[in-house]
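Student: I should like to take a close look at one part of this structure. Could you please guide me through how its helices pack against one another?

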Amino acid sequence: MAASALDTLHFALDRNSPVPLYYQLAQQLEAAIEHGALAPGNLLGNEIDLSTRLGLSRPTVRQAIQSLVDKGLLVRRRGVGTQVVHSQVKRPLELSSLYDDLEAAGQGPTTRVVRNETVPATADVAAALGLAEGAEVTLLERLRSTHGQPVALLCNYLPADLLELDTARLETTGLYRMMRTAGITLHSARQTVGARSATAEEAARLDEKEGAALLTMQRTAYDDTGRAVEYGTHIYRASRYAFDFQLLVRG
């Protein structure tokens, strides 16, 4: 994108707002893309120029750009730079909860809600949900089992005002099903899968030995307006659960 085209955009960043600056910038860039002020193929220029122009640090600008790369609105091209892509490049993920997956597989899932309470958002949670650090969020911690054997320990954070979460209902259905019933349309997510060894507490909850292999998953889910509506950090027994991915080749 020519520098003059970027100069036509006005970014209203409120440094006194509790909303992180990277999130404010990302939201305004996203709006410019959605409304056509930034067209497919336009280049954003480099992070140094953008940070200088806006009076922001490079890490702040980098985080804003990365959040839009994760949503499929921008792409980093070697030798070209960060570029706006066609909206068709956004590939909605088919999001399902572990409860739905296990139920569909005939595994007879059961859930025990360990925690369902309002807590202040830590820095990591606030960044994932686009909230101010310390803002109220709903914390859900659930132990998911099949045939009486624990499979996963699920920890989810949601904006406190998103929806009412009844503990009894959470023990009979999946979180995403409750969100859909409340009219929340899940559109896309960023997910990271990893592995590590179980701590003594985790091993006790999951009926494993301390140090046993666990699969880990972090996911931030977005609704159809691009709002982050859920951040999850889950652990799974590697002896009883595996992730299955379908990989698509981009032409």
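Tutor: The following account begins with a pair of helices, turns to a residue between them and a further helix, and ends with the sheet. Please bear in mind that this is a predicted model.

Let us begin with helix H2, residues 21-34, and helix H4, residues 58-70, whose axes come within 8 Å and cross at roughly 45°. The two helices, H2 and H4, are therefore oblique to each other, and their crossing is right-handed. On the side of H2, the contact is made by Leu-21, Tyr-22, Leu-25, Ala-26, Leu-29 and Glu-30. H4 contributes Thr-60, Val-61, Gln-63, Ala-64, Ser-67 and Leu-68. Sorted by character, the residues of this contact of H2 with H4 comprise eight nonpolar, three polar and one charged.

One residue of H2 merits separate attention, namely Leu-29. Its relative accessible area is 1%, and because buried means under 20%, Leu-29 counts as buried. Leaving aside residues up to four places away in sequence, Leu-29 touches Phe-11, Leu-38 and Leu-68. Of these, Leu-68 belongs to the H4 side of the contact described above. Leu-44 lies 15 residues from Leu-29 along the chain, and the C-alpha atoms of the two are separated by 9.9 Å.

H4 also packs against helix H3, residues 47-54, at an angle of about 115°, with the axes 9 Å apart. H3 is thus roughly perpendicular to H4. Here too the crossing is right-handed. The H3 residues in this contact are Glu-47, Ile-48, Leu-50 and Ser-51, and those of H4 are Arg-58, Val-61, Arg-62 and Ile-65. The contact of H3 with H4 divides into four nonpolar residues, one polar and three charged. Val-61 of H4 appears in the contact with H2 and in the contact with H3.

Finally, we turn to the sheet. Six strands form an open sheet with antiparallel pairing, in the order S3-S4-S5-S8-S7-S6. Its edge strands are S3 (109-120) and S6 (186-197), each of which pairs on one side only. On average, and ignoring direction, neighbouring strands of this sheet are turned by 15° against each other. Strands of a sheet pair through backbone hydrogen bonds. Within this sheet, strand S5, residues 149-159, and strand S8, residues 228-237, run antiparallel and are joined by six bridges. Tyr-157, for example, has Tyr-231 in S8 as its bridge partner.

Conventions. Residues numbered from 1 in each chain as written. Predicted model: local features only at pLDDT ≥ 70, side-chain atom pairs only at ≥ 80, totals over all residues. Heavy atoms only, no water. Axes fitted to C-alpha atoms, helices over the stretch in contact; angles between N-to-C directions. Helix = DSSP H or I, 4+ residues; strand = E, 2+ residues; numbered from the N terminus. Parallel < 35°, antiparallel > 145°, perpendicular 65-115°, else oblique. Left-handed = near helix turned anticlockwise from the far one by under 90°. Contact = heavy atoms within 4.5 Å. Nonpolar A, V, L, I, M, F, W, Y, C, P; charged D, E, K, R; others polar. Pairing = 2+ DSSP bridges. Buried < 20%, exposed > 50% of the residue type's maximum accessible area, 1.4 Å probe, protein only.
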